Amino acid sequence: MRHIPLPKDEHSEAFDACLSNMTDQNSIKNLQNSKKYILEAGDIFIEKINAGTLSTILPSPIINGIRLKESMVKLYKDKLSKKGQPGREFYDKWRSISPNNRCPLCSVQRVYTLDHYLSKADFPIYAIFPLNLIPACRDCNTEKLSHIATKYAEETLHPYFDNIDNDRWLHSKVNETIPATFSFYVSASPNWNSEMIHRVNKHMEVFNLHELFTDHAAEELSNIILRLNNLFCIGGAEAVRIHLGECLAGCENANLNSWRSATYRAMYKSTWFHSNGHQV
């Protein structure tokens, strides 16, 4: 997971844009009458997520005493995310926030959509709230489905509010097989509390990142195995170790906790791998 900058607070502007070409007068009236409550809910979201109490917000289809779930979901699908509609400029702006168009939830795949941190089906009041909408790849958006946390320790990481980029927490272990394989795991930073440990592990679980990282590590090994074999023939295990150390430095400079950094760190530290792990 990577921390990304907060989007500009354009909740009210986006709401008005989405309503601007609606034709269902009853829906327009209900949404306009509920705008105050929808905007206030955004302030509550910020207050609670900063306090670690976002999980105390309960799912509800009701806004201002009216069932507006269907209207809010349609507002997102038909007016915010749909191409050619008045809210699409906000959708595109929020989707483009993540650096290098990389999904901040997995740090692997390209951004494809916006993921609702609190699902629009269960929390429709946040259907178009900017800080509830996270740039995401298709897989992360699909894997999460409608995960609902019932306590802080069950909350997945939120790229706008959680920043653990400078803590080395993602690690990998070389499994001494031919060909070598890798197992990923979370190791807590000294400044984390027990709830953060649970949250990071929950994030890995919900987005199925163990499997994703393992697959990418296997492909990386297949791409470098010829180079490692050549180095071993020229300079032995030490030449392999030095090369891996150089690769590791570059990976960690880009992203301390990427699957690639964890993979190269594991290879660099494994004396078995220097002599045997690059065999086929």
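Student: Which residues do ring pairs link into a cluster?

Tutor: In this predicted model, a search of the whole structure finds seven aromatic pairs. Some of the rings are joined through such pairs into a cluster, whose members are Phe45, Tyr126, Phe129 and Phe161.

Student: What is the angle between the planes of Phe184 and Phe213, which form an aromatic pair?

Tutor: A pair of aromatic rings is described by the distance of the centres and the angle of the planes. Phe184 belongs to strand 6 (residues 181-186) and Phe213 to helix 7, 29 residues apart, and the pair thereby links distant parts of the chain. Both Phe184 and Phe213 are buried. Their centres lie 5.6 Å apart in an edge-to-face arrangement, and the angle between the planes is 65 degrees.

Student: Is His158 buried or exposed, and which residue offers a backbone oxygen to a polar atom of the His158 side chain?

Tutor: His158 is found in the loop between helix 5 (138-144) and strand 5 (170-175), and because its relative accessible area is 0%, it is buried. Leaving aside residues up to four places away in sequence, His158 touches Phe45, Ile49, Tyr117, Leu131, Ile134 and Arg199. The backbone oxygen that lies 2.9 Å from a polar atom of the His158 side chain is that of Leu131.

Student: Why are helix 3 and helix 4 described as they are in terms of their relative direction?

Tutor: Helix 3 (residues 69-80) and helix 4 (residues 88-95) pack with their axes 8 Å apart, at an angle of about 90 degrees. Angles of 65 to 115 degrees count as roughly perpendicular, and therefore the description that applies to helix 3 and helix 4 is roughly perpendicular.

Student: Which residues of helix 4 meet helix 3?

Tutor: By class, the contact of helix 3 with helix 4 has five nonpolar, no polar and two charged residues. From helix 3 come Tyr76, Lys79 and Leu80, and the residues they meet in helix 4 are Arg88, Phe90, Tyr91 and Trp94.

Student: With which side chain does the side chain of Ser119 make a polar contact?

Tutor: Ser119 lies in the loop between strand 3 (113-116) and strand 4 (133-136), and because its relative accessibility is 10%, Ser119 counts as buried. At 2.7 Å, the partner of the Ser119 side chain in this polar contact is the side chain of Asp122.

Student: How does Gly250 count at its relative accessibility of 44%?

Tutor: Gly250 has its place in helix 7 (residues 209-254). Residues under 20% count as buried and those over 50% as exposed, so Gly250, at 44%, counts as partly exposed.

Methods. Residues are numbered from 1 along each chain as its sequence is written. This is a predicted model: local features need pLDDT of at least 70, side-chain atom pairs count only at pLDDT 80 or more; totals for chains, interfaces and linings use all residues. Side-chain values use heavy atoms; hydrogens and water are left out. Axes are lines fitted to C-alpha atoms, for helices over the stretch in contact, and angles run from 0 to 180 degrees between N-to-C directions. Helices (H or I, at least four residues) and strands (E, at least two) are DSSP runs, numbered from the N terminus. Angles under 35 degrees count as roughly parallel, over 145 as roughly antiparallel, 65 to 115 as roughly perpendicular and the rest as oblique. Contact means heavy atoms within 4.5 Å. Ala, Val, Leu, Ile, Met, Phe, Trp, Tyr, Cys and Pro count as nonpolar, Asp, Glu, Lys and Arg as charged, and the others, Gly among them, as polar. Buried means under 20% relative accessible area, exposed over 50%, partly exposed in between (1.4 Å probe, protein chains only). A polar contact is a pair of N or O atoms within 3.5 Å; within protein, one must be able to donate a hydrogen and the other to accept it, and residues adjacent in sequence count only if both atoms are side-chain atoms. Rings of Phe, Tyr and Trp (its six-membered ring) pair if their centres lie within 6.5 Å; planes under 30 degrees apart count as stacked, over 60 as edge-to-face and the rest as tilted.
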